Amino acid sequence: MEDREIQIKIHEVDVPAIVVQDVEKIYKLYDKPRDRMKEALGFGKKQVHKLHYALNGINMDIYKGETVGIIGTNGSGKSTLLKIITGVLTPTSGEVRVDGRISALLELGAGFNMEYNGIENVYLNGTMMGFSEKEIDEKLPAILEFADIGDYVYQPVKTYSSGMFVRLAFAVAINIEPEILIVDEALSVGDVFFQAKCYHKFEEFKKLGKTIVFVSHDLSSISKYCDRVFLLNKGKLLGEGTPRKMIDAYKRVLVGQYEVPEGRENERFVDDPGLREAAGKALGRGQGDRTETEGVNPDVLEYGTKQARIVEYYLTDDRGVRTTAVIKGTRFTLHMKVEFSDHIPAPIFAFSVKNVKGTEITGTNSMIEKAFLESVDAGQTKEITFTQKMSLQGGEYLLSLGVTGYNGDAFEVYHRLYDVMNVTVVSDKDTVGYYDMESEIVVV
């Protein structure tokens, strides 16, 4: 994490590739189609439209060589922003400055003629980007090799599956020597092997110092590849920062527990210490000297309705000794104590494990395990234990805890603690990937 933060600081004094300044995009919404016609013709003095701010006062600087992610719920303005950056849309106000050749992979179909075949569309896109026919001839073999759609390249693209379409579109986008690559969620329609191929290309682009901006709901990819992340919600920029911080903030948005303080709508307040709101005091209640325990995060991010509160948590090893270090291959137990101030129907107790880059690796909850499906009354306390074998590779991990549930059809978060403590896995044998499948090998 420290390396990533250093990298961000380096970019702060570097040359901007994209500058977005006070950008707004406003649409007029009409209750009835005929109202649009009436207003256009000047009938009546009454305003019959409502203003919808798809983007509201967006400011951001993206520096050359950065890989930047943009996350947010559906309708937050992510795709609109990318279309304005690429010139597909014009902002209602504000401006965007771009320094470098942009190649964009936006929604399926953008920039392609459905009646043309794959080869013809390659030449169409190349010409639109300013390449000569000879230059496209030279790039064609690399494009076809990466797309790998066989003889379908000679068929009209209107006959393509979504997977074939995105293969060709991405192959074109990355082989026209862009200085800035912009991708909007399109990779989600490709198969897992093609996605791996694309992300490998991202790594190559990063090493070449190219700028990458991409929108994705795949938070693991955002965490793994991005240097910085911007969080949008309802057309506003909620914040920017490291992937881990922004992903945690995004999860609060998803459950409706992340609101912009009044009068601070345009501030980037995600890293404001006020959001943590005396987390240390709240977590210290009834826990003795637990806050002094090695491995506990003093700056934990917490939120929830607090109708139930996690008041104690710790790990024990296979001997029952409290610890923050677990030997790979042994069993360990996570302990949680939860106090209830209200009646809660069927609370769900959960934990998850992330690596230091913020990628969620594993986790479970009492509902998945069908371990507890009862209601709990106000004033009660529950002690929960999760016991399992440690199969993760040696290294440092972060533990998050939660108490959630359903109130009718509504999902409620009563208390969540993100990255609440560090867990060290001690190992003398690490295999490939996140965890060990404990393979047994026989050679005869």
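The following exercises, each with a worked solution, concern a predicted model.

**Exercise 1.** Identify the residues with the most contacts inside the largest nonpolar core, and state which helix gives the largest share of this core.

*Solution.* The largest nonpolar core has 47 residues. Those with the most contacts inside this core are Ile71, Tyr160, Leu168, Phe170, Phe202, Phe214 and Leu231. The largest share, ten residues, comes from helix H6, residues 162-174. A second, separate core of 32 residues includes Leu315, Val338, Val403 and Val423.

**Exercise 2.** Find residues that isoleucine 71 touches, leaving aside those up to four places away in sequence.

*Solution.* Among the residues touched by isoleucine 71 are Leu219, Ile222, Val229, Phe230, Leu231 and Leu232. Its contacts also include Lys78, Ser216 and Tyr250.

**Exercise 3.** Determine how the buried residues of helix H4 (residues 118-128) are arranged around its axis, and what covers them.

*Solution.* First, list the buried residues of H4, taking buried as under 20% relative accessible area: Gly118, Ile119, Asn121, Val122, Asn125 and Gly126. Next, consider their directions: they cover an arc of only 160 degrees around the axis, and therefore lie on the same side of H4. The face turned away from this buried side carries the exposed residues Thr127 and Met128. Finally, the cover over the buried residues of H4 includes helix H5 (133-147) and H6.

**Exercise 4.** Describe the N-terminal cap of H4 and the glycine just after this helix.

*Solution.* At the N-terminal end, asparagine 117 caps H4, with a side-chain oxygen 3.1 Å from the backbone nitrogen of isoleucine 119. Just after H4, glycine 130 takes a positive phi of about 95 degrees.

Notes
Residues numbered from 1 in each chain as written. Predicted model: local features only at pLDDT ≥ 70, side-chain atom pairs only at ≥ 80, totals over all residues. Heavy atoms only, no water. Core = buried A, V, L, I, M, F, W, Y, C linked by side-chain atoms within 4.5 Å. Buried < 20%, exposed > 50% of the residue type's maximum accessible area, 1.4 Å probe, protein only. Helix = DSSP H or I, 4+ residues; strand = E, 2+ residues; numbered from the N terminus. Contact = heavy atoms within 4.5 Å. Arc of directions from axis to C-beta. Polar contact = N/O pair within 3.5 Å; in protein donor to acceptor, adjacent residues only side chain to side chain.
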